[in-house]
Structure formats: structure tokens, C-alpha cells
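Here are my notes on the two-chain model you sent over. I've kept them as numbered points so you can follow along in the viewer.

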Amino acid sequence: MIVDALDRALTTATELASGSFEVGEPYSAQQDLVERRLARGERIVGVKLGLTSRAKMQQMGVDEVIWGRLTDAMRVPDGGVLDLAPRIHPKVEPEVAFLVRDGEIAAIAPAIEVIDSRWLDFKFTLAEVIADNTSAAGFVVGAWQPVPDGVDNLGVLLEVDGRVVEIGSTAAILGDPRRAFADAKRLAGGLEDEWIVLAGAATAAVAVGPGQTVRVEVEKLGTAALKVSA
Amino acid sequence: MTDAAAELLEAYASGKPVPPLRDRIIRAGDVDAAYRAQSAQVETWLAAGRRPVGAKIGLTAPAVQRAFGVYQPDFGVLFADMAVPDGAEIDPDTLIQPRVEAEVAFVLGRDLPEEQVTVADVLRATDFLLPAIEVVDSRIAGWDISIVDTVADNASSGRYVLGTTPRRVSDVDLRLCGAVLESAGEPVSVGAGAACLGNPLHAVAWLATTLAGNGSPLRAGDVVLSGALGPMVPVTPGASYEARISGLGSVRANFAKGAKQ
């Protein structure tokens, strides 16, 4: 069944072909998949949003964001190493992260999300990507800070090895990333204290390779970085 | 007057675009010939009494460069009659195939040096910045342009809308400032300052150096549209576009429905 196959793909860093399994109810499949991780000792630390740009929604033929679960094992410390071995074809996206307290936004930080679809060549149906925990594979959160006035149009740069490869703005995230927070709260049925909400990508995703250094810089918020293992 | 200049002037007059000039009238890659065709039109416009107020820089954003396969900036001349007040209606029928871009406008408070202008010179000479929407247009059919087509065509200029609240250059992070064009409450183009040759200041220094080399350096009072901060967006008649640039505020271009549509 699909949950076994996705879990095997995840743990062995191998791909599945789109269309090879019945997905059923995709969020139930996702929950079952994540529970396998929890059974191995991982812990939920937050949620992530996907399809937060109009372009991506149109590409998938939907008008609603999708969401997935973050675990502690996915976290890479700021400036730390992203291990390539357990990953298939990782890509990075510049994002902003929110810290949850009392169900509200307590702080904001620049962030990097690492996505790594278990579906061959990142080709999947909407149900398949939801079941695959929306391609979640890793994340880096920079320094938390108070939310500045207006986070709806902060410039965002994605750099690889010191060169800017993608340029965008937090406006690409649903027009204002705080809307992503509200969506996360609604879709996940509430958010727990100290959870992290990854709001969605501010630019297109970029594939990364061995030894590369990735840095995200967000206007007014600073940087988050990772080093890809050799 | 060159054949290219004559064809382009006729395109303005008739509202009908012409086929690409490259390899038909101007040899592909002969940028000097293309600037000569631009100058011939500018001479005609000056003789007709149009008032030049500055310059625009084109082909500065990676997204725009990729779209046209042109990997160098260019410039055109801005005239006072191309300026549209913030929020005023623009009649799309007076343009051929308009597109909009969010940009930073520099207004100079003093003359720039007559050679090799640096970012420091630009910072010293800038009186204030304004958010701007450039309404670009092409007299070349289907926007099928190469570098010589757009250079000859006054860098595909059309109209421009300047915001009205000046900001000091020291108060804006020109590299990191977010930029978004919104229409009907949706972002239709996003970017940041770095999309303009790494920083709009680099673009202005390039322009100032280039114009100084041509013997017509930028002067106090000149307005410079420094280049797009994100992908250009084709105009929908009847639509309203608001550009917001972080630290600079916002500016709006409204398009009438137009009789042609």
C-alpha cells in the first residue's frame, strides 16, 4: 500500500513512479506516514504550507494551499550540514518561519525549506504530494525576532555558493505570509506552543548538490544558511 | 534619417507595429547602428518640442533578460509627455502592446561626473527616490525583440508613473527591498532590488558611465528609471496595477477599457 511504499522510499532514498499506487484519502495517508516517523522516535515540531503562490496553485489546478508536518529530525541548525545520503533529489526554497505561542505568531525568522519528493522527477498528482507529506525533507530557521511592521513585501534572496540564484518577495506567499499562518492554523486544526510554521516559498525551488553552501537573506530579518554534505 | 527610425516613427503614428528590424534593416548585434536609429527619432522629437527629462534603463532583470535572450542592459530617453500622474487613467489605445514593471526612480540633485561614474557618485548625486511603474511598449510586432530591436525602439519605452512621496537614498535598502506588482488584490509580479543588475545603484552607475562616454552625462534634475525589479506583466485593459516597493511606498497605474478591445 501507499504508506508502506512512501515510508520505504523515504528510508531508502529511492523514488516511486506517479500513478503506481491508490492514494485514498491523501491527508490520512500523510498522517499514517508521519506516524511511522513518530514510532521511530521523531517528534512533531510544526507544520509547513505548500502551493502558496498563485502560479503553483494554477500549475496543480487547485485554489487551496496544502500542508504537511515537520519533525525534529528534519531540522538542520542554522549554518549546519544537510546530509545528502538520506535524500533523493533535494531542492531548497527561501521562506519565512513563524513561531507559535497561544495560537498566535510570537516571532518570525528567515528560513530555508528543503523539499525532496519521493515521487520520480518531482512528478506527482495533488493527492500523491499530499500523501508524501508535501515533499517535506528538511528546514533551517535563522534567528527569531519580533515581527516587524509589515511583512507582506520583504525582499528575499536565495544564494548558492555566494551567488544570487533566485530573487523574490514575501508578497509571493499568498500576498502576505501571515495569511499562510492563518491557513496553517485552520488546516492543522490548531497549532501548539513552540511549533514552527513554514509559510511557503518566496521564489522557485533550486536543486542543490554536494558541497554547496546555501544562504537565504530576507529584508529586515537577516539570514539562514546550510552547507550541503560532500 | 535611417530606415529603421522612419519605420518606428510611422509605427507610433499609426499604432501599427513593424516586423523585427534585425537582419532586415539593422544587422543583428550592431548595437551602435541601433542607437543611431534611436538618436534619429530623438532628434525628430526634440525638433517637435518634446521635453527630455531623463533616461530609462532596460533589460536589467534576469527574468526579462532570459525572456528575450538579451544579456546586456540598454537605455532610452524619457520625455515629460510620457509621464502619467499617479492613479490617472491610461488609454491603452494610445499604446500598442503595453506591459508594466515596478521600478525605482532616481531623481538627481546634481550633475554626475563626465566619465567613469561609480556607485558613490550616484549616491552623492541622488536627490531622492520615488517608486515607479514603467509602462513599456514595443513598436516591434509581438514583442519579438533582440537587443538591436529594443535599442532602436527607444528601449521599448511607453509611459511612466512616478509616486509622489520622495524618499532619501540612505533610507532604503536598494538591494534587498521587496517589490510587488498587484492587480485585483493578487501579486502578479514579485521581486526585489537585487533583480536590477544586482542593485539599482549599479544600473544607474552603468547608465551614467555610458551616457558620459557618449558626451551627454546625466545632469541635476534628470529622472532615471533604473529597471524592472521583477518579470514584466502584459496589461489587461480596464485593470489597475499597484507597485509597492519596500521602503519607498506605492504607485498606481490604471488602464481604461479602451475602444479597441
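**Notes on the chain A / chain B model**

1. Let's start where the chains meet: 16 residues of chain B are in contact with 16 residues of chain A. On the chain B side, β8 (178-183) and β9 (186-192) each supply at least two of the touching residues. The top contributor there is β9(B), with five residues. By class, the side of chain B that touches chain A splits into nine nonpolar, four polar and three charged residues. Keep in mind throughout that this is a predicted model.

2. For a close-up of the contact between the chains, try A:Ser169, which sits in strand β8 of chain A. Is A:Ser169 buried or exposed? The count is 32 other C-beta atoms within 10 Å, and the cut-off for buried is 20 or more, so A:Ser169 is buried. Setting aside neighbours within four places in sequence, its contacts in chain A are A:Asn153, A:Leu154, A:Gly155, A:Val156 and A:Ala202. Across in chain B, A:Ser169 is in contact with B:Gly178, B:Ala179, B:Val180, B:Val190, B:Gly191 and B:Ala192. If you want a distance to check in your own script, A:Ser169 and A:Phe181 are 12 residues apart in sequence and 17 Å apart in space, C-alpha to C-alpha.

3. Staying in chain A, the strand that carries A:Ser169 has a hairpin partner. Strand β7 (residues 155-160) runs antiparallel to β8 (residues 163-169), and six bridges join the two strands of chain A. One pair to click on is A:Leu157, which stands opposite A:Ile167 in β8(A). Two residues lie between β7(A) and β8(A) in this hairpin, and A:Asp161 in the turn has a positive phi of about 50°.

4. β7(A) also pairs with strand β11 (residues 213-218) of chain A, again in the antiparallel sense, over five bridges. Here A:Val160 has A:Val214 in β11(A) as its bridge partner.

5. Now the sheet in chain B. In what order do the five strands of the open sheet come? They run β4-β13-β12-β8-β9 (chain B), with mixed pairing. At the edges are β4 (89-90) and β9 of chain B, each of which pairs on one side only. So one edge strand, β9(B), is also the strand that gives the most to the side of chain B touching chain A.

6. β8(B) deserves its own look. Five of its six residues are buried, so β8(B) is largely enclosed by the rest of the structure. On one pairing, β8(B) and β9(B) are antiparallel over six bridges, with B:Pro187 in β9(B) as the bridge partner of B:Glu182. The hairpin of these strands has two residues between them, and B:Ala184 takes a positive phi near 50°. On another pairing, four bridges join β8(B) to β12(B), also antiparallel, and B:Val180 is bridged to B:Arg244 in β12(B). B:Val180 is also one of the chain B contacts of A:Ser169.

7. Further along the sheet, six bridges join strand β12 (residues 240-245) of chain B to strand β13 (residues 249-255) of chain B, and the two run antiparallel. As a register check, B:Ala243 stands opposite B:Val251 in β13(B).

8. On to the helices at the start of chain B. Helix α1 (residues 3-14) and helix α2 (residues 31-47) of chain B pack at an angle of about 55°, with axes 8 Å apart. That makes α1(B) oblique to α2(B), and their crossing is right-handed. B:Ala4, B:Ala5, B:Leu8 and B:Leu9 in α1(B) meet B:Ala37, B:Ala40, B:Gln41 and B:Thr44 in α2(B). This contact has six nonpolar residues, two polar and no charged.

9. Last, the helix pair in chain A. The axes of α1 (residues 2-12) and α2 (residues 26-39) of chain A come within 9 Å and cross at roughly 45°. α1(A) and α2(A) are therefore oblique to each other, and the crossing is right-handed. From α1(A), A:Ile2, A:Val3, A:Leu6 and A:Asp7 meet A:Ala29, A:Asp32, A:Leu33 and A:Arg36 in α2(A). By class, the contact of α1(A) with α2(A) has five nonpolar, no polar and three charged residues.

Key. Residues numbered from 1 in each chain as written. Chains lettered and ligands numbered in written order. Predicted model: local features only at pLDDT ≥ 70, side-chain atom pairs only at ≥ 80, totals over all residues. Contact = placed C-beta atoms within 7 Å. Nonpolar A, V, L, I, M, F, W, Y, C, P; charged D, E, K, R; others polar. Pairing = 2+ DSSP bridges. Axes fitted to C-alpha atoms, helices over the stretch in contact; angles between N-to-C directions. Parallel < 35°, antiparallel > 145°, perpendicular 65-115°, else oblique. Left-handed = near helix turned anticlockwise from the far one by under 90°. Buried ≥ 20, exposed ≤ 12 C-beta atoms within 10 Å, placed from the backbone.
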